[in-house]
Amino acid sequence: MASPALPMPELLDLTVDNITPNTILVNSQCANARLRYLMQRLVTHLHDFARETRLSTSEWTAAVAFLTATGQACTELRQEFVLLSDVLGLSLLVDAVNHPKPAPCTEGSVLGPFHTHDAPVVAAGGSISADPAGEPLLVLCTVRDREGRSLADVKVDVWETDASGRYDVQHEDRGAPSERAVLRSGEDGRFWFTGITPVSYPIPTDGPVGKLLQKLGRHPWRPAHMHFMLEKPGWDHLITAVYVRGDPYETSDAVFGVKKSLIVDLEPIDEATAAQYGVKCEGKVLRQDFVLASEKETAELRDKNAIEALKRLGLNMKLVDHLPVPDLD
């Protein structure tokens, strides 16, 4: 079915110098102010990149082939595009822009490509791992607000690798989900479970992103960590991870996820703690206190940061639904 005819600006004698304003002019007919602005900036930066680098046809052809292969590598259980976003530092940047943390809130980190939505619900004290090769780990956590008040019934999604450094979705014979679970914080804001001590591991190197890292001379390793995602209506969605102090990749994470405030010390479990939680006195203990910001607190800080950043850039903008658009009034 043919689309209704729209008045089109005349595009004549397009050149290296005028293709950008002409492309922006055509896209400017979009009724959505935010989409119009996003496309304007995307076209501007892409075209400037091509002009600045004098991008060759062969390089652009290779880039299209790379992006095509990245998409073809994606499956229900493997997200190669998320991995690409991670290794380019974009994932962390987008999270930091959209979820700024007022002190003393827990900082965010990258989601990564291995989160799934089929994790089993586990009661307090349950186990998230059945890997006999892993070192036992007791995980003791609290969830509070900025004033130290306990937050009950927070949904907590946790996931980690097995002792070999692979997530369950990386095993071809994956059956039931493993090394992952969903818990709820109690009335006192506490939740606890048993797992295995995290280990360092390489991100997948058999796909387009892994091959890109090789060409860039970068290693694919991530420091030992455990993922946490915390959700509760009215509270800012927190995607984070805790990283084991002293890991050899602590300062060179392939996906830029480590922040100093997220580095933790693991302690050998003692007899008193083991008895209190009904576990064997073997392995280690991870203790972590999570502090959440309300959606209102995060929105106010995000708007403040946006206004300040736009002023520094000299842009005449206004915020609509917390997102900048050109101020044409």
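## A partly exposed residue as a starting point

Glu297 has a relative accessibility of 22%, and it therefore counts as partly exposed, given that the buried class covers residues under 20%. In this predicted model, the side chain of Glu297 forms a salt bridge with Arg146, and the closest N and O atoms of the two are 3.3 Å apart. The two partners come from distant parts of the chain, since Glu297 belongs to helix H8, which spans residues 295-312, while Arg146 sits in the loop between strand E1 (136-144) and strand E2 (155-159), and 151 residues separate them. Arg146 is likewise partly exposed, with a relative accessibility of 32%.

## The chain as a whole

The chain has 329 residues, of which 40% count as buried. Its C-alpha atoms fill a box of roughly 80 × 45 × 45 Å when the box is laid along the principal axes, and the secondary structure consists of eight helices and 13 strands. If one takes the contacts between residues at least 6 apart in sequence, 68% of them join residues that are at least 24 apart.

The accessible surface of the chain amounts to about 18,200 Å², and carbon and sulfur atoms account for 57% of this area. As for charge, there are 33 positive and 46 negative side chains, and the centres of these two sets lie 4 Å apart.

## The annotated domain

An unreviewed UniProt entry places a domain feature, named "Intradiol ring-cleavage dioxygenases", at residues 130-273. Within this span, 8% is helix and 33% is strand, and the C-alpha atoms at its two ends are 22 Å apart.

## Further salt bridges

How many salt bridges does a search of the whole structure find? The search gives 18 of them, and the pair of Glu297 and Arg146 has already been described as a salt bridge. Another one joins the side chains of Asp188 and Arg190, with a distance of 3.5 Å from N to O. Asp188 has a relative accessible area of 36% and is thus partly exposed, and Arg190, at 33%, is also classed as partly exposed.

Helix H8 also holds a salt bridge within itself, because Lys304 and Glu308 both lie in this helix, four residues apart, which is about one turn of the helix. The closest N and O atoms of Lys304 and Glu308 are 3.0 Å apart in their salt bridge. Lys304 is partly exposed at 44% relative accessibility, and Glu308 is partly exposed with a relative accessible area of 34%. Elsewhere, salt bridges with shared partners connect Asp118, Asp168, Arg174 and Arg180 into one network.

## Backbone angles worth a careful look

Most peptide bonds are trans, and most residues other than glycine have a negative phi. The peptide bond from Ala103 to Pro104, however, is cis, with omega near 0°, and Pro104 is placed in the loop between helix H5 (90-98) and E1.

Two residues other than glycine can be described together here, as each has a positive phi. For Glu179 the value is near 60°, and for His322 it is about 70°. Glu179 lies in the loop between E2 and strand E3 (180-184), whereas His322 lies in the loop between strand E12 (317-320) and strand E13 (323-326). Is each of these residues buried or partly exposed? Glu179 has a relative accessible area of 3% and is therefore buried, while His322, at 36% relative accessibility, counts as partly exposed.

## Helix H6 and its cover

Which residues of helix H6, spanning residues 208-216, are buried? They are Pro208, Val209, Gly210 and Leu213. The cover over these buried residues of H6 includes helix H3 (57-72) and helix H4 (80-87). After H6 comes Gly217, which has a positive phi near 70°.

Terms used. Residues numbered from 1 in each chain as written. Heavy atoms only, no water. UniProt positions renumbered as here; feature names shortened; annotations may be inferred. Buried < 20%, exposed > 50% of the residue type's maximum accessible area, 1.4 Å probe, protein only. Contact = heavy atoms within 4.5 Å. Areas by Shrake-Rupley, 256 points an atom, 1.4 Å probe, with all protein chains shown as cover. Lys, Arg positive; Asp, Glu negative; His and termini not counted. Charge placed at Lys NZ, Arg CZ, Asp CG, Glu CD. Salt bridge = Lys/Arg side-chain N within 4 Å of Asp/Glu carboxyl O.
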